[in-house]
Each structure stands twice: as structure tokens, then as C-alpha cells.
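Hi,

Here is the structure I promised to pass on. Have a look at it first, and my notes are underneath.

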Amino acid sequence: MLILRTLSRYSLLLILLASNAGAQDAVPRSTWWRNEYASGSIRGHRAPARDFNGYHSRSWGKNNGATVAGYTSIVWHHTEGVQNTNLVAMALEHRFVKRFCDIGYHFIIKRDGGRWRTFQGTPLGFVGSHCKGENCCRRTGIGRIGIAVAGNFNRDRVDSQLLAEMTRLQDVLVRRYRIREIRTHRLGSFAVNRAGDARDCPGRNMVPVVTSLRRRAESQVR
Ligand SMILES: [Zn+2]
């Protein structure tokens, strides 16, 4: 029994070491920055060519690069933009227009060369900027993981490959962080931010998908 317990602890440690804070689950920031910086600029701010990992501001901007004690929920968003969105432009907009310390989401799923792929946003462990006043509990330090799907899902539809990618990413995160709650941002009965805002993230066509992902997570954690 002791051997079994030691073994399972050891394998948990290996899993944690291998996870590298989510980098292998998504295209790393350094990779997409290198691929996309040439076409990414916004309102006079040109993207620097250097690695985005050196770009995370811990000294200014909302949330100041604060870290979390853990995560218990995932919040699904859409970007309301194009499906092959330029992530460097998104990063610059979030930092210089919205005044976040970093790109607001932890992951962005976008169209890349004809298929949906997951890209790393704010590194896991940091507080995101994706649901106003709800990104991290001040008392417990427990945060919410923000995932955005590029597109406008009031109009666009979730195809089977996108659903498979959303499910894959959610499964990894649910297991790793023992996520108990799957939420939407503003639309639907389990939205995080609702009152007083007419915006409808993550889109009408995404709400039923998140509903089924929510049921899936509930059955996994129990
Ligand atoms: Zn949103």
C-alpha cells in the first residue's frame, strides 16, 4: 500500500514537471510571437521582435502580474472578431488599449492553416484579465482560467474539430486543477458577469456547447 502511494505520488510529480505550466498543451507564446509579430501592430504601437515571454508586465497594468493560489473554474469567451485573429495585435490591444498587464486570456483557440489550434496566452499561474471583478478571489487567491475562441459565435457555428479541441483542452485543465465549474462570460444561466452589460460573450451558438462541456466536467470531477 505504501509502495502504491509512493508510486502514485511520484507519477503525480512527473506529470506536474512534464506539464510545464500548460506550454505543451498549446502553441507557446514565444513561437506564435515569432510567427506573427511582423503583421501585428495597433494604434502606433509596433510589436517588438523579441520573445513575448519577456513582455509580461509585472510592474504596471491591471492585476500587475499577480499569481493565483489555484483555479477552480474555467470561463469560456469568444473574441467577436475573425477566426484567424492575429495574437500579437490582440496582445498589444490588451496591454496598451485595455491597460491589462498581459493578454487577458490564458488560452486562445483560433483557426490556423485550416484547423483550430490552441495558443498560450497569459501563462497559467498568473491572474487573467477576462471577467471584470471575477478574475481572482481576493480572500482565497483562487482564480479563473480564461479561454477565448476566436470568432463571433452569435453568427459562427462550432464545428466538430473545434469541439474536439475545446474538449481536449478542457479535459487537461479539469484534471490538472480539479476544476469544478465551467462558466460562460456574460451569456447564459451560468455566466460570470451578467448584470448591467448588454454584450453577449461567448455568443448564442457557443452557449449550448459550454452547457455540454459543463456537464462533462461535472462527471469527471465527482
Ligand atoms: Zn468574454
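Below is what I found, starting with the whole chain and then going into the helices and a few backbone oddities.

Before anything else: this is a predicted model, so please read every value below as computed from it.

**The chain as a whole**

The protein chain has five helices and seven strands. Going from the N terminus, the order is α-α-β-β-β-α-β-β-β-α-β-α. It has 222 residues, and 38% of them count as buried. If you take the contacts with a separation of 6 or more, 71% are between residues 24 or more positions apart.

**Helix 4 against helix 5**

This is the pair I spent time on. Two packed helices are described by the angle between their axes and the distance between the axes. Here, the axes of helix 4 (residues 160–177) and helix 5 (residues 207–221) come within 11 Å, crossing at roughly 30°. The crossing is right-handed. On the helix 4 side the contact is made by L163, M166, T167, Q170 and V174, and on the helix 5 side by V209, L213, A217, Q220 and V221. What kind of residues make up that contact? Seven are nonpolar, three are polar and none is charged.

**Helix 5 on its own**

I did a quick sanity check on the geometry. With 15 residues at 1.5 Å each, helix 5 should span 21 Å, and its end C-alpha atoms are indeed 21 Å apart, so the two agree.

Which residues of helix 5 are buried? They are V209, V210, L213 and A217. These cover an arc of only 90° around the axis, which means they sit on the same side of helix 5. The general background is that an α-helix has 3.6 residues a turn, so residues three or four places apart point the same way. Turned away from the buried side of helix 5 is a face with the exposed residues P208, S212, R215 and S219. As for what covers the buried residues, the list includes strand 3 (70–78), helix 4 and strand 7 (181–184).

**Two arginines in helix 4**

R175 and R176 are worth clicking on, as each has a partner far off in sequence that I looked up.

- R175 is in helix 4. It has 13 C-beta neighbours inside 10 Å, so it counts as partly exposed. Its C-alpha is 7.7 Å from that of V221, with the two positions 46 residues apart in sequence.
- R176 is in helix 4 as well. R176 has 16 C-beta neighbours inside 10 Å and therefore counts as partly exposed. Its C-alpha is 9.6 Å from that of Y71, although the two are 105 residues apart along the chain.

**Helices 2 and 3**

In helix 2 (residues 29–36), the buried residues are R29, W32 and W33. Looking down the axis of helix 2, they fall within an arc of 105°, so they line one face of the helix. Helix 3 and strand 5 (115–120) are among the elements that cover them.

Helix 3 (residues 87–97) has a longer list of buried residues: L87, V88, M90, A91, L92, H94 and R95.**Backbone spots to check**

Most residues other than glycine have a negative phi, and most peptide bonds are trans. So where does this model depart from that? I noted these places:

- E80 has a positive phi, near 65°, and is not a glycine. You will find E80 in the loop between strand 3 and helix 3. With 18 C-beta neighbours inside 10 Å, E80 counts as partly exposed.
- R99 comes after helix 3 and has a positive phi near 65°.
- R178 is another non-glycine residue with a positive phi, about 50°. R178 is in the loop between helix 4 and strand 7. Because R178 has 12 C-beta neighbours inside 10 Å, it counts as exposed.
- The peptide bond from C201 to P202 is cis, with omega near 10°. P202 belongs to the loop between strand 7 and helix 5.

Cheers

Technical notes
Residues are numbered from 1 along each chain as its sequence is written. This is a predicted model: local features need pLDDT of at least 70, side-chain atom pairs count only at pLDDT 80 or more; totals for chains, interfaces and linings use all residues. Axes are lines fitted to C-alpha atoms, for helices over the stretch in contact, and angles run from 0 to 180 degrees between N-to-C directions. Helices (H or I, at least four residues) and strands (E, at least two) are DSSP runs, numbered from the N terminus. A crossing is left-handed if the near helix is turned anticlockwise from the far one by less than a right angle, and right-handed if clockwise. Two residues are in contact if their C-beta atoms, placed from the backbone, lie within 7 Å. Ala, Val, Leu, Ile, Met, Phe, Trp, Tyr, Cys and Pro count as nonpolar, Asp, Glu, Lys and Arg as charged, and the others, Gly among them, as polar. The expected span of a helix is 1.5 Å times one less than its number of residues. A residue is buried if 20 or more other C-beta atoms lie within 10 Å of its own, exposed if 12 or fewer, and partly exposed in between; C-beta atoms are placed from the backbone. The arc is that of the directions from the helix axis to the C-beta atoms.
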